[in-house]
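Visitor: I would like to learn how to read a structure like this one, feature by feature. Could you walk me through it?

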Amino acid sequence: MRPRRKIEPWLFLLPALAVYIGVVLFPMAGTIGYSFLEWNGIGEKKFIGFDNYVRMFTDKTLRAAFFNNLFFMLVGTAFQMIMGLLMATLLSGIRKGSNIFRVLYFIPCIISSMAICKIFEKLLSVQPRGVISVVMELLNMKPIAFLSEFKYALTCVTLIDGYKFCGLYMVIFYAALMNVPQETVEAAYIDGCSWMQAYFKVKLPAIKNMFFIVLVILVNGCLKGFDVSYILTGGGPGNATELVATYMYKTAFSMSNFGYGSTLAVFILIESLIAVGIVKMIQKKFSD
Amino acid sequence: MNNLQANKTTRIIFSMLIVVFVIMQSYPVFWVTMASLKSPEDIAGSAPYALPQSIYFGNYVKAFTQSGLIRYFMNSVIVAVCTLLGIIILSAPAAYAISKIEFKQSGQVMSFFLLGMMIPIFSCLIPMFQIYNLFNLRNTYLSVILPQVGFSLPMSIFLYVGFMKYIPNELMEAAAIDGAGSFRIFSKVIFPMAKNSTVTVMIYNFVSIWNEFTYANTFMTKDAMKTLPIGLNAFVGEMGRRDWGATFAAIVIAILPTILIYFVLNKQVMEGMAAGAVKS
């Protein structure tokens with residue numbers, strides 16, 4: 001509809017624009033500005049040009065955090081996608097009760113990462129014995145303190161984070177699978193396809209686009225991974241579970257290095273833009 | 001599964017896997033609930049996976065009396081209600097302007113908002129901290145409400161626009177002929193019609209607001225201002241070593257409200273969260 005006065009749409013937009021610019025864009029610009037400073041948050045700000053950026057390239061902790069994050073992203077994405085698709089496939093295969101199972105499968109998604117972490121902390125506890133170590137003892141294995149063991153900590157953090165969110169991808173894949181036209185699937189059956197063949201040759205290709213959408217969400221989400229690592233292990237032992245976001249957070253708020261912390265924040269921003277760009281490019285190639 | 005095509009073994013494997021996943025997805029919550037009902041002797045004397053020998057509520061009494069859980073809970077409620085109100089009040093009119101008022105820049109304004117979906121909260125945290133320090137806003141409700149409203153706007157506006165653009169223009173024109181101005185058309189015609197979108201926007205945002213960790217952990221350092229996730233952390237950190245029973249009870253108290261809401265509104269919650277995720 002045409003407005004009576006030209007200013008009308010802007011009156012409706014103004015509050016949202018003001019808050020959006022004020023709390024999202026303005027601080028982001030601030031972060032970019034801070035990234036050129038040496039500054040502890042209280043004292044004097046000192047302009048040091050690109051020194052923080054140079055430091056980034058020789059920072060061993062950042063390098064470890066970056067590779068941890070890469071592992072977190074690759075394994076987390078694969079795990080959540082497979083789990084989500086598997087659960088969705090199972091549910092799409094049954095007639096009765098798929099609703100109640102879907103409700104149960106989704107439970108970890110609605111619980112805070114804090115509660116999930118606290119529950120797993122107790123399940124995995126070795127002293128006193130938690131469920132996992134007791135079960136391991138019953139199986140004649142030596143209980144392992146998964147979260148404080150360098151070898152296992154990152155895998156644990158990745159899987160617990162994945163466990164928390166995989167229900168979301170189950171719902172997305174389930175909706176997509178149910179949207180595949182019944183006639184197409186039945187036509188495949190009439191042509192003599194087995195259930196497996198119909199699933200892999202007809203159903204999965206039909207939801208191809210959904211994979212890319214899920215991939216974008218997952219890659220983007222994993223690069224910003226923070227909660228589980230920060231709460232459960234605090235990046236440790238050593239820097240076994242340090243992610244870029246936890247390192248940035250600690251640099252700024254525990255070590256009061258606001259300048260370098262901002263540089264790391266800019267790194268996260270650029271990193272996620274590039275990653276999403278790559279996924280979108282691959283998607284374009286596939287859909288042509 | 002079509003009975004004709006799936007043979008018996010496939011169906012048995014399917015049913016078994018379904019049960020395995022049910023156990024996997026619900027066991028942690030089930031376990032913590034059971035463990036919270038064990039008496040201290042029971043916790044010390046029985047296997048950690050065993051069911052409670054008798055139902056014992058002492059842990060809950062302890063969790064409520066020895067911690068600020070009630071206070072944390074109230075803080076979480078205040079933050080969630082104000083944040084949701086803020087999101088609706090800001091995003092519905094903005095979406096109305098973008099989708100229903102003709103003006104040259106409407107497409108650009110939408111893209112400008114969508115840009116926000118790409119921005120990680122971590123790239124805004126440090127300046128926010130500085131601004132809050134400057135205006136003495138740390139340890140206020142506003143300090144966690146504002147950023148959550150701001151970062152929820154792109155998605156919420158997007159969800160609203162997706163619905164509002166399908167409301168027929170004739171309805172608005174009829175109201176305009178009756179003498180209604182833009183504001184009346186919005187508040188009396190468009191907003192009531194977008195009721196379902198409002199529910200979706202609220203549900204999509206509620207779960208993440210209720211469970212929010214980073215802002216609350218950064219800005220709420222005073223015990224009296226802590227929200228449930230942060231308060232739980234403090235309580236477990238302090239009690240976790242000495243008293244597992246009370247710890248379990250506190251965890252159950254913290255997750256119970258979302259679980260209850262979820263069991264009542266499960267369809268809307270799942271669809272709302274999935275819709276938000278897919279459309280980003």
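Visitor: Let's start with N140(A): is this residue buried or exposed?

Guide: This is a predicted model, so we read everything from its computed atoms. To judge burial, count the C-beta atoms around a residue's own; 12 or fewer within 10 Å means exposed. N140(A) has 6 others within 10 Å, so N140(A) is exposed. You will find it in the loop between α7 and α8 of chain A.

Visitor: What is the phi of N140(A)?

Guide: Phi is about 65 degrees, a positive value, although N140(A) is not a glycine. S256(A) is another non-glycine residue with a positive phi, near 50 degrees. S256(A) sits in the loop between α13 and α14 of chain A. With 13 C-beta neighbours inside 10 Å, S256(A) counts as partly exposed.

Visitor: While we are on the backbone, which residues does a cis peptide bond join?

Guide: Look at omega for this one. Q127(A) and P128(A) are joined by a cis peptide bond, with omega about -5 degrees. P128(A) lies in the loop between α6 and α7 of chain A. The bond from G236(A) to P237(A) is also cis, its omega near -5 degrees, and P237(A) belongs to the loop between α12 and α13 of chain A.

Visitor: How do I check the length of a helix such as α11 of chain A?

Guide: Compare the expected rise with the distance between the ends. At 1.5 Å a residue, the 16 residues of α11(A), 208–223, should span 22 Å, and the end C-alpha atoms are 23 Å apart, which agrees.

Visitor: And which residues of α11(A) are buried?

Guide: A general idea helps here. An α-helix has 3.6 residues a turn, so residues three or four places apart point the same way. In α11(A) the buried residues are M210(A), V214(A), I217(A), L218(A), G221(A), C222(A) and L223(A).

Visitor: How do I describe two helices that pack together, say α5 and α7 of chain B?

Guide: Take the distance between the axes and their crossing angle. For α5(B), 106–114, and α7(B), 141–164, the axes come within 8 Å and cross at roughly 140 degrees. The two helices are therefore oblique to each other. M110(B), F113(B) and L114(B) of α5(B) make the contact with L153(B), P154(B), I157(B), F158(B) and V161(B) of α7(B). By class, that gives eight nonpolar residues, no polar and no charged ones.

Visitor: What is the angle between α6 of chain A and α12 of chain B?

Guide: They pack at about 25 degrees, with axes 9 Å apart. That makes α6(A) roughly parallel to α12(B). Here M114(A), A115(A) and K118(A) meet P229(B), L232(B), N233(B) and V236(B). The contact has five nonpolar, one polar and one charged residues.

Visitor: How many residues of the two chains are in contact overall?

Guide: Chain A contributes 74 residues, which touch 77 residues of chain B. On chain A's side, helix α1, 8–34, gives the largest share, 15 residues. By class, that side divides into 55 nonpolar, eleven polar and eight charged residues.

Visitor: Into which domains is chain B divided?

Guide: Domain 1 covers 8–56 and domain 2 covers 63–279. Their C-alpha centres lie 33 Å apart. The contact takes eight residues from domain 1 of chain B and seven from domain 2 of chain B. On the domain 1 side, α1(B) supplies the largest share, five residues.

Note on methods: Residues numbered from 1 in each chain as written. Chains lettered and ligands numbered in written order. Predicted model: local features only at pLDDT ≥ 70, side-chain atom pairs only at ≥ 80, totals over all residues. Axes fitted to C-alpha atoms, helices over the stretch in contact; angles between N-to-C directions. Helix = DSSP H or I, 4+ residues; strand = E, 2+ residues; numbered from the N terminus. Parallel < 35°, antiparallel > 145°, perpendicular 65-115°, else oblique. Nonpolar A, V, L, I, M, F, W, Y, C, P; charged D, E, K, R; others polar. Domains from an automatic or database assignment. Expected span 1.5 Å × (residues − 1). Buried ≥ 20, exposed ≤ 12 C-beta atoms within 10 Å, placed from the backbone.
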